Amino acid sequence: MSADHTRDPCPIVILNDFGGAFAMGAIGGCVWHGIKGFRNSPYGERSYGALSAIKARAPVVGGNFGVWGGLFSTFDCAVKAVRKREDPWNAVIAGFFVGGALAIRGGWKHTRNSAITCACLLGVFEGVGMMMQRLQAQPTMAPQYPEEPVQLAA
Amino acid sequence: MYLSKVLASAVVRTSAVRAVAASKRPALFMRNTVAWYSSKSDNTTKKDEQPPQSILTEDLLARAGFEDPDQAKAEAQGGIEGEGKSTDEAKRPRKRKRAQSSKDRQRERYANLFYLSTFVGGIAGLGYMSRDWDSEKEQEEMDGKDIGNGYTPGLMYERMSKRLGSLFTFFSEPAFENLLPPPPPEAYRRPLTLVLTLDDLLVHSSWDTQHGWRTAKRPGLDYFLGYLSQYYEIVVFATNSQMFSEKTVGKLDPYHAYISYALFREACRYKDGKLIKDLSLLNRDLGKTVIIDVDEDAVSLQPENGIVVEKWDGKADDYLISMIPFLEYLATQPVKDVRPILKTFTDKSKIVDEFAERERKLREQWNKDHKHSNQPNAGNFLAKLMGMPTALTKEPKMPLDIIREHGQLQYEHFQKYLRENAHKFLEEEQKLKDEFGKVTLNKLITEGAPSPEEIAKVQAERAKEEANKQK
């Protein structure tokens with residue numbers, strides 16, 4: 001069974017990931033396009049410009065993020081099911097496929113390049129994550145024993 | 001998309017439309033517009049050569065306002081590109097390949113430069129890795145004793161692969177050299193060390209749509225840990241990482257009375273897709289260590305120490321309880337090395353039945369040997385006659401039962417002690433948590449997180465104070 005109990009097991013986690021990524025993109029898109037719309041509007045219409053930019057663009061950003069997250073999760077589950085292992089290479093392989101799948105309309109050259117880029121990116125993420133985990137793991141400490149043993153069961 | 005491309009190419013054809021488009025273009029595309037004019041002059045000279053075209057569609061298109069930025073860009077790119085060969089382009093505008101601006105070409109050049117330098121750098125790095133050993137020490141660390149110096153392809157490759165591999169072992173080796181602190185002082189030492197895996201042996205996690213994740217304790221777990229902790233130094237060695245399993249272990253043993261240490265995935269060795277629990281790093285005598293695991297791979301380095309049992313599927317069973325007699329027997333025998341004993345069990349997953357069978361035989365033997373002691377004999381009769389208690393002549397107990405009784409007594413004693421002092425333990429822990437739990441961001445940055453050494457120091461001071469008070 002999966003190790004991480006904060007996440008659902010495989011087929012369902014795709015839905016979670018899609019939703020999470022969509023929300024992340026939509027919120028981030030609100031901030032980004034809010035500022036952009038504000039700056040690109042003439043004085044007097046800045047708040048309106050910001051709002052309309054958010055309305056027009058933020059859902060798109062959310063959708064893009066959501067597609068990436070959902071696709072990544074799908075590939076991650078597929079790779080797990082095929083390899084029957086849980087290690088960082090799953091994410092790297094899934095990243096490779098996601099990068100490729102999203103770029104496939106740009107021709108095979110573009111597909112290859114973005115697949116490799118995406119895999120490298122995921123590899124760096126996983127590597128840093130593992131390093132953090134190892135650095136945070138603390139060695140077990142010996143308990144302090146009193147000089148004279150206390151007879152507990154006397 | 002296709003339609004807009006088509007439209008763009010159609011608009012490119014007439015310069016009149018271009019002029020309109022250019023004048024309407026926003027300032028943002030000024031640079032492009034400039035490029036336009038240069039191309040326009042080029043176009044005007046050759047305008048006469050072009051065959052007359054129906055202006056209806058283009059004109060209409062222009063008026064309809066097909067001048068979105070994309071299109072403008074496409075036009076501009078077409079303009080730059082088509083500077084010298086606009087007639088050529090006019091003839092077959094649709095066959096034109098994707099427009100490529102100078103920016104695009106520059107980007108491509110940089111990309112190629114990047115790929116090339118990556119490739120060359122990689123080759124150079126591999127070459128550097130295949131150099132001679134820097135020192136004897138390095139050779140030893142990479143365990144390449146049989147790989148000598150010298151620049152033959154074979155040796156170079158071997159050295160390179162060793163060095164390359166050592167870059168990745170950082171992630172696959174256990175995080176610590178010694179997984180456990182040295183054994184406790186003699187007075188506190190228990191005869192053996194018992195290493196237990198967590199998931200599917202002690203607990204089982206399941207997921208369903210109604211409840212999400214739930215983790216169940218195996219029946220008899222508390223008794224198992226409580227009873228065996230008097231014979232064994234119990235170490236829980238979980239397969240999952242500390243982040244996920246630490247809390248579970250904490251819940252199994254809230255008073256820290258049973259489980260001496262907990263180890264996690266960070267302490268495992270990862271090799272060929274297998275998580276291996278390397279007992280030789282435990283800092284304990286391997287002859288006095290038993291590991292119970294549900295995965296064959298986990299004990300693959302020391303199979304002679306391991307008892308591999310079936311995974312628990314979460315249904316009620318009494319397997320843990322049924323394991324106790326064997327483990328108890330193992331710990332109470334004066335053995336130097338448990339491995340030969342474990343070896344006598346051919347199928348370790350059926351160790352419980354096997355041991356029960358052996359015990360039954362032993363008991364039979366015992367009963368046979370001590371049968372007559374219960375028979376009425378002369379001495380017996382005399383004692384009765386003299387009014388002596390008959391307890392002396394009762395059927396003698398088998399040593400196993402005596403051990404069992406003693407263990408049970410001690411267990412109950414300890415449970416009583418725990419019950420009486422439980423609140424004290426919890427209070428102490430709460431105090432520690434209050435002190436070290438409140439880590440502000442400022443403190444974390446300026447002083448760093450409290451290290452286990454610091455916590456242990458405070459704990460020791462507390463214990464000393466407590467002891468002084470009692471005196």
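Is A:C77 buried or exposed? Let us work through this and a few other exercises together.

This is a predicted model, in which local features need pLDDT of at least 70, side-chain atom pairs count only at pLDDT 80 or more, and totals for chains, interfaces and linings use all residues. Residues are numbered from 1 along each chain as its sequence is written, chains are lettered from A and ligands numbered from 1 in the order in which they are written, and side-chain values use heavy atoms, with hydrogens and water left out.

**Exercise 1. Classify A:C77 and A:C10 by their accessibility.**

Step 1: Recall the cut-offs: buried means under 20% relative accessible area, exposed over 50%, and partly exposed in between (1.4 Å probe, protein chains only).
Step 2: A:C77 has a relative accessible area of 11%, so this cysteine is buried.
Step 3: A:C10 reaches 24% relative accessibility, so this one is partly exposed.

**Exercise 2. Find the disulfide and describe it.**

Step 1: A disulfide is a covalent bond between the sulfur atoms of two cysteines; here the test is a pair of cysteine sulfur atoms within 2.5 Å.
Step 2: Over all chains, the structure holds one disulfide. The partners are A:C10 and A:C77, with 2.1 Å from S to S.
Step 3: The angle about the S-S bond is -105°, and the link of A:C10 and A:C77 is left-handed.
Step 4: Now place both ends, remembering that helices (H or I, at least four residues) and strands (E, at least two) are DSSP runs, numbered from the N terminus. A:C10 lies in helix α1 (residues 10–39) of chain A and A:C77 in helix α2 (residues 46–83) of chain A; 67 residues apart, the pair links distant parts of the chain.

**Exercise 3. Decide whether A:C118 has a disulfide partner.**

Step 1: Look for the nearest cysteine sulfur: it belongs to A:C120, 9.4 Å away.
Step 2: A:C118 is in no disulfide.
Step 3: With 9% relative accessibility, A:C118 is buried.

**Exercise 4. Sketch chain B, then zoom in on B:E359.**

Step 1: Chain B has 18 helices and nine strands, and 35% of its 471 residues count as buried.
Step 2: Take contacts (heavy atoms within 4.5 Å). In chain B, among those between residues at least 6 apart in sequence, 68% join residues at least 24 apart.
Step 3: B:E359 sits in helix α14 (residues 351–369) of chain B. Its relative accessibility is 18%, so B:E359 counts as buried.
Step 4: Leaving out residues up to four places away in sequence, B:E359 touches B:P325 and B:L400.
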